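Keep the sequence and the 3D view side by side while reading. The text moves from the whole chain to its interior, then to one helix, and ends with charged side chains.

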Amino acid sequence: MPSSTISRTLLLPSGWCCMDSLIARPRPRYGFSYVRDERGRPVGYEVCEPEMAVVRRIFAMLDAGASIRAVQMSLEGDGIKAPRGGPLWSRDTIRNAVREDTYVPHSPAELEALAAEGVLSEEVLAGLDPAKSYGVAYYGRTRSAYESMRSKRRKVEQAPRSEWTAIPVPLVGAGLDRGQIERARALIADNRAPSKVGDHEYHLSRGFLFCADCGRAMVSYARRFPTRTHRYYRCDGERKTRGTAPPCPNRRSHEAHGLEYLAASTFEAHASRDGLLRLYDEAVARREERTGARGDLERRAALSEKLSELELERRGYLRQNARGVLPDADLDAMLADVDEQREAVEAELGASKDRAAEAERLRAARDSLAAHDPVRSTWAEDPDAVMPWEYLTQGATTEEIRNAYRRLGARFEVDAEGELTLRLELDLGAVALQPTSSP
């Protein structure tokens, strides 16, 4: 972004951040409304509660295990208008909202890191209230230019991150939960709509089926005849390499219906309660071995004790200064040293607690799965532990099938002989299951 634009960035006394490019938008970002000056000109953002309630609802539903499609239907069913005022919510609108950093409460350390990176103005950072919560809106993420001197078409490309400009946006009263946002993001990270030809949706497309020989994602295609259409999956490696590498030996086209049925039946067979309990046990054991659960517990106790000692040391310096024993200059230096140590200890303690929480979540999911009745299982009860392994081959919708695969990190691989392998991923790496024969 041009330096002349960056120089116009300012921070209002109330804590609202504003920028020419920020307020030049035809409408504010969803969940916010404009703050206007005495002349009626927009000068910043503030939370718009009715819209922010919808944002919180989206994150809460996704965190609870709902699909993007379910969120769409829920919002449209309640007559909630989309950001542009229409009655329909698109998948991209919901997905982009979840990925938008404007809704993510950033810690002071994260804002300082953005300033150190050069995308956030030091002047703006200095004017922020450390007691308040801020999201970050980025500008200059893309740039465009005419395709040629004679063309009226413009091409848009991603700008280097060094050219972005970060604008802190106050989230006071937004009620957004950082943990919930991060979980919702993780759940839709690989969520992509399936390929579709006519009325058939390819269950394994875009993220689930890969070539066992070269590792590339298999692509879907169809061959049309006057009276029927044949649908297939194939490896597109030869076209992508274009002679720059040896062609993939997997040249076979795999009939879509048969492969999809085989994948669903394989998933049903291996996503049983006993099979999942074994995978959870292995994942929990690997997690505890990697983090050293007992040693980690002792380390957390030592870190907590160190924090208490630093707080006592800090109070001691303040008392000495109050009695006139410690000069102000020496006090500032000593407090800075104590605060630096405290930040390092708090960061290490936070990381240790996060590891412990993750391990505990795995154990709780495993215990919940062990106690659950699979005959009455539903996704909504516990998205980490309750697995819809029943009847994916009998009447399940494409969304239900892909949701089941996504929850367990299912990855299917097919080779040139048509041999299908399923891998389920629980926490640490992919766990390969026994391959099954092609139909």
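What follows is a walk through a predicted model.

Start with the whole chain. The protein chain has 439 residues, of which 39% count as buried. Its secondary structure consists of 14 helices and 17 strands. Among contacts in the chain with a separation of 6 or more, 60% are between residues 24 or more positions apart. On the outside, the chain exposes about 24200 Å², and 50% of that area is supplied by carbon and sulfur atoms.

Now turn to the interior. The largest nonpolar core has 31 residues, and the members that touch the most others are Ile 58, Phe 59, Leu 62, Trp 89, Tyr 103 and Leu 176. Several elements supply at least two residues each to this core: the strands E3 (32-36), E5 (134-139) and E8 (165-170), and the helices H3 (49-63), H4 (68-77), H5 (91-99) and H8 (178-188). Helix H3 gives the largest share, six residues. Another core, of 28 residues, lies apart from this one; Met 218, Cys 248, Leu 259 and Phe 412 are among its members.

Helix H3 is worth following in detail. Its 15 residues should span 21 Å at 1.5 Å a residue, and its end C-alpha atoms are 21 Å apart, so the two values agree. Which residues of H3 are buried? They are Met 52, Val 54, Val 55, Ile 58, Phe 59, Leu 62 and Asp 63. The buried residues of this helix pack against strand E3, strand E4 (42-47) and the helices H4, H5 and H8. Take Leu 62 as a single case. Leaving aside neighbours within four places in sequence, Leu 62 is in contact with Ser 67, Ile 68, Val 71, Val 98, Ala 184, Leu 187 and Ile 188. Just after H3 comes Gly 65, which takes a positive phi of about 110°.

The last topic is charge. The structure holds 16 salt bridges. One of them joins the side chains of Asp 101 and Arg 185, with N and O 2.8 Å apart. This pair links distant parts of the chain, 84 residues apart: Asp 101 is in the loop between H5 and helix H6 (108-117), while Arg 185 is in helix H8. Arg 185 has a relative accessible area of 25%, so it counts as partly exposed.

Helix H8 also contains both partners of another salt bridge, Arg 178 and Glu 182, which are four residues apart, about one turn of the helix. The closest N and O atoms of Arg 178 and Glu 182 are 2.8 Å apart. Arg 178 is partly exposed, at 28% relative accessible area, and Glu 182 is partly exposed as well, at 43%.

Elsewhere, the side chains of Arg 411 and Glu 413 meet in a salt bridge of 2.9 Å from N to O. Are these two residues buried or partly exposed? Arg 411 has 28% relative accessibility and counts as partly exposed. Glu 413 has 14%, and buried means under 20%, so Glu 413 counts as buried.

Salt bridges can also join more than two residues, as the last example shows. Here Glu 311, Arg 314, Arg 315, Asp 339 and Arg 342 are linked in a network of salt bridges.

Methods. Residues are numbered from 1 along each chain as its sequence is written. This is a predicted model: local features need pLDDT of at least 70, side-chain atom pairs count only at pLDDT 80 or more; totals for chains, interfaces and linings use all residues. Side-chain values use heavy atoms; hydrogens and water are left out. Buried means under 20% relative accessible area, exposed over 50%, partly exposed in between (1.4 Å probe, protein chains only). Contact means heavy atoms within 4.5 Å. Accessible areas come from the Shrake-Rupley method with a 1.4 Å probe; for residues, only the protein chains shown count as cover. A nonpolar core is a set of buried Ala, Val, Leu, Ile, Met, Phe, Trp, Tyr and Cys residues joined through side-chain atoms within 4.5 Å. A salt bridge is a side-chain nitrogen of Lys or Arg within 4 Å of a carboxyl oxygen of Asp or Glu. The expected span of a helix is 1.5 Å times one less than its number of residues.
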